[in-house]
Structures are given as structure tokens and as C-alpha cells.
Amino acid sequence: MDFEFTQEEKEYQKEVRSFLQREVTAEAAHEHHSGEGLGPHSRALLRKMGQQRLLAPTWPKQYGGRELSPVTRFILSEEMAYHDAPYPLTFLEVAGPGILHFGTEEQKATYLTRITSGEIEFATAYTEPGAGSDVAALTLYAEARGDTYVLNGQKTFSSHAHHCDFIWLAVRTDKTVPKHRGISIFIVDPNTPGITVRPLHTMAGVRANEIFFDDVVVPANNLVGEKNRGWDYMVGALNYERGGTVGDLQRPFDELVEFVAERRRAGKITAEDDWIAEELARVATELHIARLLIYKVAEIQEQKGNLTYEASLGKLYASQVRERLFNVAMQILGPYGQLCDWSKWIPLHAKIQKLFLDAPRWSIVAGASEIQRNIMAIRGLGLPAK
Ligand SMILES: Cc1cc2nc3c(=O)[nH]c(=O)nc-3n(C[C@H](O)[C@H](O)[C@H](O)COP(=O)(O)OP(=O)(O)OC[C@H]3O[C@@H](n4cnc5c(N)ncnc54)[C@H](O)[C@@H]3O)c2cc1C
């Protein structure tokens with residue numbers, strides 16, 4: 001087993017890292033942590049990355065990519081997360097590969113270079129009030145009428161719907177076949193008459209949205225790939241989305257270690273606080289394991305292998321490490337950790353409290369932990385499905 005990046009991958013990592021060190025402004029980092037999604041500073045940053053062809057390293061050159069190895073995708077998400085930059089997961093990992101693999105030539109020409117140049121953002125809208133873990137039960141219906149489809153129904157928990165340029169939408173196009181076989185994907189302009197977007201905020205202030213569709217008319221050529229094959233497209237993309245990163249955990253972890261080291265040097269953390277070093281060592285080990293599980297996904301993609309449970313295992317484990325890290329951080333900071341950023345007594349910085357409150361989200365998005373365990377049990381361990 002080779003744990004080293006290739007020379008080409010190292011060079012890409014160096015280029016992305018030095019770009020981000022130079023270009024991520026305090027405003028872009030603030031937008032990233034605000035939970036409100038891509039604002040003007042984040043978009044400006046993405047456009048600059050697009051100009052340098054940094055955004056889609058694995059994509060074909062004809063669409064603005066570099067045709068590098070799948071590992072570079074993980075390098076990109078890790079570096080962006082580490083440097084507080086907004087990783088555009090939806091359009092790079094969901095809509096983008098979906099269009100690249102299954103879109104018509106016209107759709108490829110319309111969207112792909114605009115994605116790699118950082119110009120446009122997609123929201124993913126799969127989940128409905130009655131279809132989350134069992135997302136194939138979705139009911140938003142698209143009725144064919146001439147050369148259009150008319151959409152009626154509701155989506156919920158759509159992360160970027162309030163600032164996106166397009167919605168990557170899963171709909172039901174056939175009610176008479178088994179549920180997985182009657183789903184299609186459409187690309188929808190969020191400004192189409194009949195669409196209403198309403199906010200839903202998590203306890204950490206991260207915004208998602210409900211989207212209501214009331215007789216929304218969409219051109220038939222906005223259908224992606226084949227009608228009723230949407231489920232296959234969704235499952236493939238979920239493996240990309242679950243690939244994930246621990247880059248955004250490494251940065252606060254490094255800062256926490258530095259904070260503890262300084263307090264130790266100043267004599268404020270004594271031998272009685274040995275548990276702190278023990279906990280930090282444990283989280284360091286787990287971070288290392290999580291990164292390897294995530295790179296395993298990249299390796300399988302590189303070998304053109306079939307992903308079965310690996311992305312789920314990486315996602316599940318990384319979400320557990322996230323909760324443990326911020327739990328430990330809050331214990332170390334004690335009651336001061338709960339202070340908001342206007343307080344002069346705030347230790348480290350206000351980010352930790354927000355990250356602590358935000359950690360449980362990661363055990364829900366892109367499929368809840370129980371579902372990842374089910375996938376592991378059935379596909380990883382070979383246990384019979386119920
Ligand atoms: C902040 C946020 C952002 C999101 N962003 C998006 C987005 O951009 N686009 C999008 O489409 N979706 C998005 N989601 C939706 C997310 O994918 C779903 O919330 C998730 O799949 C769980 O679905 P649910 O909320 O309906 O919970 P449910 O499916 O109702 O599950 C409730 C509980 O029951 C458990 N459970 C359900 N079925 C089983 C089972 N078979 N075995 C064991 N346990 C089970 C679950 O694990 C969970 O603990 C987002 C969610 C959140 C919270």
C-alpha cells in the first residue's frame with residue numbers, strides 16, 4: 001500500500017494551498033462560517049479559483065478541468081476546508097458529475113464550463129417531508145405536458161436553494177412502477193414562476209430551505225439523462241458527496257493543540273489535567289484514521305473499482321470524530337467556551353462553540369448515521385437485508 005501522493009498530486013496540492021493562503025479573505029471566511037451559504041466574497045473567490053483551473057482537477061480539459069487523478073478531488077476539498085474556503089460540494093460533487101456523465105451534449109455545453117469557472121451554483125433538492133432516509137419515496141410529481149413538465153409538490157432541507165442559480169431536482173415521473181424506477185432528475189431555474197423558497201435554520205444557524213412547487217412549468221429538455229433513471233444518478237452522486245473531508249476538523253484541532261501547549265507553558269494547565277493530553281492524542285489518532293478511510297474512497301475510484309460501503313464508512317466515522325473533537329474542545333475551554341465573540345473573555349475564538357453546535361448536522365446530512373450503518377452491515381458485512 002502506497003500512502004504517498006504522486007508528484008503530480010503533490011504539485012496540485014502545493015498550488016491550491018498557496019493560492020488559498022494568499023486569496024481567502026477574512027470576509028470570505030466569515031461568509032463560510034456564517035452558515036448562510038455562498039455570498040459575494042465566496043463567489044469572487046470561486047471565480048478566481050476557476051480562472052486558475054483549480055476547481056475541478058479531475059474533469060476533462062475541454063470543460064475547464066485538468067484530467068488529474070481522483071485523489072486531487074480530495075486534496076481540493078481538504079485544502080479548502082482547512083483554509084476556511086467554501087467548498088462548492090453541490091455543483092462539484094452532485095450536479096457537475098451528474099451532467100458530465102449523464103447530461104445531453106447541450107446540457108454539457110450549457111453548464112460544465114460555467115461550473116468549472118466558478119460562475120454558477122446548484123442546490124440539491126432530493127429530501128421531502130415524507131422522504132428523507134427513504135428518499136426513493138419522494139412524491140413531488142412532474143407531469144408531462146407537450147414539450148414541458150408541470151411540477152407540483154414540496155422539498156425540504158435544501159441547503160443552497162436561497163442563493164443558487166439552478167436546482168438539481170429529483171421528481172417522480174412514473175407512479176405506476178416500483179418507487180426506485182419512477183424517479184427523474186431535472187435542472188430547474190429557481191426563478192421560475194410557482195417556486196417559493198422558505199428558510200429553515202439549524203441550531204448552529206446554518207441555513208437550509210423548504211421549496212414549494214406550484215404548477216411550475218419546466219422545459220422537457222431540462223430532464224437530465226433518461227426519464228425514470230434518476231435513482232441511479234442519485235446513488236452514484238451520493239458516494240461522491242459522502243466522500244467528505246476532515247480538512248475543516250484539522251484546522252481547529254491544530255489551533256486547540258497550540259492553545260493547550262501555550263496554557264501548559266504558562267502553568268495554567270497542570271499535571272491534574274492529564275486527561276487533556278490523553279483526549280487530544282485520541283482525537284489525533286481518530287483524525288488520522290478518518291483521513292485514511294476517506295482516501296480509501298479516492299483510491300477505489302482511481303482503480304475504477306466499485307464503491308459499496310466505503311464512502312458510508314468514511315462519512316460515518318468522520319462525523320463521529322467531529323462530534324468528539326468539539327466535545328473535547330468545549331470541555332477544555334470550560335464555561336468560557338460558551339461565550340460569544342463579543343466577549344473579551346472568549347478563549348481561542350468563537351468558532352469552537354459554533355462548530356460544537358454544528359457537529360450533529362454531519363450525522364444527518366447526505367444520509368443519517370443509522371443509514372450508513374445499515375449500508376455497512378448489508379454491503380460491507382454481507383448481512384441479509386430485512
Ligand atoms: C442542515 C441540513 C441540510 C441538508 N441539506 C440537504 C440538501 O441540500 N438536499 C437534500 O436533498 N437534503 C438535504 N438534507 C436532508 C438530509 O439528507 C436528511 O435530513 C437525511 O437524509 C435524513 O432524513 P430525514 O431528516 O427525513 O430523517 P428520517 O428519514 O425521518 O429519519 C429520522 C430518524 O430515523 C432513522 N431512520 C430512518 N430510517 C431508518 C432505517 N431504515 N433504519 C434505521 N434508522 C432509520 C434516521 O437515521 C433518523 O435518525 C439536509 C438535512 C439537514 C439537517
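**Close-up views of a predicted model**

**View 1. Helices α8 and α10 run roughly parallel to each other, since their axes cross at under 35 degrees.** This is a predicted model, and here we look at two of its helices. Helix α8 covers residues 247-265, and its axis comes within 11 Å of that of α10, with a crossing angle of roughly 25°. The crossing of α8 with α10 is left-handed. On the α8 side, the contact is made by Leu-249, Pro-252, Phe-253, Leu-256 and Val-260. Facing them from α10 are Val-321, Arg-322, Leu-325, Ala-329 and Ile-332. Sort these residues by class and you get nine nonpolar, one charged and no polar.

**View 2. Helix α10 also meets helix α12, with the axes coming within 9 Å.** Here α10 spans residues 310-333 and α12 spans residues 369-380. Their axes cross at roughly 140°, which makes α10 oblique to α12. This crossing, too, is a left-handed one. Ser-312, Leu-313, Lys-315, Leu-316 and Ser-319 are what α10 brings to the contact. From α12 come Ser-369, Gln-372, Arg-373, Ile-375, Met-376 and Gly-380. The mix in this contact is four nonpolar, five polar and two charged residues.

**View 3. Domain 2 touches domain 3.** The domain assignment splits the chain into domain 1 (7-87), domain 2 (124-231) and domain 3 (244-380). Which residue classes make up the side of domain 2 that touches domain 3? That side has three nonpolar residues, two polar ones and no charged ones. In numbers, five residues of domain 2 are in contact with six of domain 3. As for the domains as wholes, the C-alpha centres of domain 2 and domain 3 sit 32 Å apart.

**View 4. A shell of 21 residues lies around the ligand.** Which residues come nearest to the ligand? They are Tyr-126, Gly-132, Ser-133, Ala-368 and Glu-370. Domain 2 and domain 3 each put at least three residues into the shell. Among the helices and strands, β1 (122-125) and α12 each supply at least two residues. It is α12 that gives the most, with three residues. By class, the shell holds 10 nonpolar, nine polar and two charged residues. So much for the ligand; if you go back to View 2, you'll meet α12 again, there in contact with α10 through residues including Ile-375 and Met-376.

How values were computed: Residues numbered from 1 in each chain as written. Predicted model: local features only at pLDDT ≥ 70, side-chain atom pairs only at ≥ 80, totals over all residues. Axes fitted to C-alpha atoms, helices over the stretch in contact; angles between N-to-C directions. Helix = DSSP H or I, 4+ residues; strand = E, 2+ residues; numbered from the N terminus. Parallel < 35°, antiparallel > 145°, perpendicular 65-115°, else oblique. Left-handed = near helix turned anticlockwise from the far one by under 90°. Contact = placed C-beta atoms within 7 Å. Nonpolar A, V, L, I, M, F, W, Y, C, P; charged D, E, K, R; others polar. Domains from an automatic or database assignment. Near = placed C-beta within 6 Å.
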